[in-house]
Amino acid sequence: MVIYFSRISVLLLFLCSWNSFITTAYDALDPTGNITIKWDIMSWTPDGYVAVVTIFNFQQYRHIQAPGWQLGWSWRKKEVIWSMVGAQATEQGDCSKFKGNIPHCCKKTPTIVDLLPGTPYTQQISNCCRGGVISSWAQDPATAISSFQISVGQSGTTNTTVRAPRNVTLKGPGPGYTCGPAQIVKPSKFISADKRRKTQALFTWNITCTYSQFLARKTPTCCVSLSSFYNETIVPCPTCSCGCQNSSQPGSCVDPKIASVVPASRKNSLEPLLQCTKHMCPIRVHWHVKTNYKEYWRVKVAITNFNYNMNYSQWNLVVQHPNFDNITQLFSFNYKPLTPYADINDTAMLWGVKFYNDLLSQAGPVGNVQSELLFRKDPSKFTFEKGWGFPRRIYFNGDNCVMPSPDSYPWLPNATPNLATSPFIILLIAFFSFLILM
């Protein structure tokens with residue numbers, strides 16, 4: 001009876017933690033990561049103000065890729081956008097009541113996008129015009145920022161009459177971000193080019209947005225397969241990791257035999273066009289334990305793109321493994337340790353070398369990148385037994401990848417996995433499988 005109640009307690013505690021994780025979008029590997037939108041009013045105009053809006057991506061490993069960010073909000077009054085520099089509204093709206101000088105946008109709920117590279121200098125400001133692409137903070141802080149200037153009318157002309165926009169939405173590029181209300185903060189300060197003078201904004205709002213994979217998409221976007229030199233078994237991605245082939249709808253995925261005739265007109269579309277596989281994931285990460293030396297061991301990592309509609313620019317991989325505290329060398333990948341908890345160094349961020357393999361091309365012959373990692377053995381914990389050589393978790397572009405079941409990992413020839421499973425564990429697995437299907 002005591003054991004029964006203790007198991008029920010564990011299940012209830014797990015469910016509460018699961019629910020909390022969904023609602024708070026907490027990321028244990030990047031606990032302080034967020035996107036902060038800073039709205040700095042720089043000057044007043046006869047009927048409003050001129051502001052510089054800056055998007056800071058403070059997330060360590062989650063970036064915004066092509067086709068880029070979209071920022072939206074609702075005006076509190078009858079505001080209009082007279083002009084913009086470094087960005088544009090996607091729709092002008094109904095400006096028929098204006099005569100002479102026509103606003104850039106009259107919509108109550110405007111949607112703003114970044115300008116493309118190559119925009120004339122007269123329409124640019126600092127940190128604009130990269131097509132909405134924003135790097136993660138760990139990869140490149142200099143390009144983890146995007147800015148634009150906006151001239152707002154019919155809004156009030158003092159700190160007490162102006163109102164912050166509400167219902168702010170951020171797509172990066174699809175859904176997944178939840179933004180809080182604008183908060184009044186200390187005015188931003190700016191240092192002159194010669195670093196001898198400081199100026200400051202007249203008024204500043206901050207808006208904080210956090211990411212949740214559950215809000216972004218209903219199914220996972222990547223899976224993991226495993227292999228090793230000491231076992232001939234290749235463990236594939238779990239079947240239907242990211243969905244299943246729809247036999248009732250021919251053409252829902254692309255047969256590899258006819259992949260060469262797939263049109264390339266929808267590159268970087270949010271709607272994937274996948275190669276037909278058993279796992280049906282856009283991305284597969286393969287981890288191969290390659291070689292065992294006296295004092296070192298080597299791993300090969302390969303990332304394959306099965307999506308014909310997406311080139312993944314500035315991709316990154318986050319891997320958890322206890323031997324990352326003794327990584328010795330990487331070949332053709334960049335590396336940075338992620339240590340949100342100072343005493344634990346078991347998480348690495350990997351990404352491509354600029355102009356070499358930082359672009360993961362669409363599905364096809366060149367739709368893959370790979371590298372090898374060399375680890376120094378720690379005699380106190382190194383072993384190939386019980387799947388120790390394989391990663392605990394893998395993220396691609398910030399999304400958690402589906403791992404194979406631990407009892408399917410390649411085992412040493414003289415070892416076999418313990419297949420005994422308690423009824424409680426079976427019940428737990430069945431319950432969460434039901435949640436995923438729902």
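Two strands are said to pair if DSSP finds at least two bridges between them, and helices (H or I, at least four residues) and strands (E, at least two) are DSSP runs numbered from the N terminus. The views below show a predicted model, in which local features need pLDDT of at least 70 and side-chain atom pairs count only at pLDDT 80 or more, while totals for chains, interfaces and linings use all residues. Residues are numbered from 1 along each chain as its sequence is written, and side-chain values use heavy atoms, with hydrogens and water left out.

**Close-up of an open sheet: strand 21 and strand 22 at one end of the order.**
Five strands form an open sheet in the order 21-22-19-25-26, and their pairing is antiparallel. Strand 21 (333-337) and strand 26 (399-400) are the edge strands, since each of them pairs on one side only. Between strand 21 and strand 22 (residues 347-352) there are five bridges, again in the antiparallel sense, and Lys 336 stands opposite Met 349 of strand 22. Strands of a sheet pair through backbone hydrogen bonds, either parallel or antiparallel.

**Close-up of strand 1 with its partners, strand 2 and strand 13.**
Strand 1 (35-45) and strand 2 pair in the antiparallel sense over 10 bridges, and a hairpin of two residues joins one strand to the other. Within this pairing, Trp 44 has Tyr 49 in strand 2 as its bridge partner. Strand 1 also pairs with strand 13 (residues 203-211), here over seven bridges and likewise in the antiparallel sense, where Lys 38 has Asn 206 as its bridge partner.

**Close-up of strand 7, a mostly covered strand that pairs with strand 2 and strand 4.**
Of the nine residues of strand 7 (residues 145-153), eight are buried, where buried means under 20% relative accessible area, exposed means over 50%, and partly exposed lies in between (1.4 Å probe, protein chains only). Strand 2 and strand 7 run antiparallel and are joined by nine bridges, and Tyr 49, which was already named as the partner of Trp 44, has Val 152 in strand 7 as its bridge partner. Strand 4 pairs with strand 7 over five bridges, also in the antiparallel sense, with Val 85 placed as the bridge partner of Gln 149 in strand 7. Thr 122 lies in the loop between strand 6 (111-114) and strand 7, and this residue is exposed, with a relative accessible area of 72%. Although Thr 122 and Val 85 are 37 residues apart along the chain, their C-alpha atoms are separated by 8.3 Å.

**Close-up of a buried salt bridge: Asp 27 and Arg 62.**
A salt bridge is a side-chain nitrogen of Lys or Arg within 4 Å of a carboxyl oxygen of Asp or Glu, and a search of the whole structure finds five of them. One is formed by the side chains of Asp 27 and Arg 62, at 3.8 Å from N to O. This pair links distant parts of the chain, with Asp 27 in the loop between helix 1 (2-24) and strand 1, Arg 62 in the loop between strand 2 (48-57) and strand 3 (70-74), and their positions 35 residues apart. Both residues, Asp 27 and Arg 62, are buried.

**Close-up of salt bridges with partly exposed partners, including the pair of Glu 295 and Arg 376.**
The side chains of Glu 295 and Arg 376 meet in a salt bridge of 3.9 Å, N to O. Glu 295 lies in the loop between strand 16 (283-292) and strand 17 (296-305), whereas Arg 376 belongs to strand 24 (residues 368-376), so this pair ties together parts that are 81 residues apart in sequence. Glu 295 is partly exposed with a relative accessible area of 44%, and Arg 376 is partly exposed at 36%.
Another salt bridge joins the side chains of Lys 381 and Asp 325 at 2.9 Å, N to O. Here Lys 381 lies in the loop between strand 24 and strand 25 (393-396), Asp 325 lies in the loop between strand 19 (316-320) and strand 20 (327-331), and the two are 56 residues apart. Lys 381 counts as partly exposed at 29% relative accessibility, as does Asp 325 at 34%.

**Close-up of a salt-bridge network: Lys 290, Arg 298 and Glu 372.**
These residues, Lys 290, Arg 298 and Glu 372, are linked to one another in a network of salt bridges.
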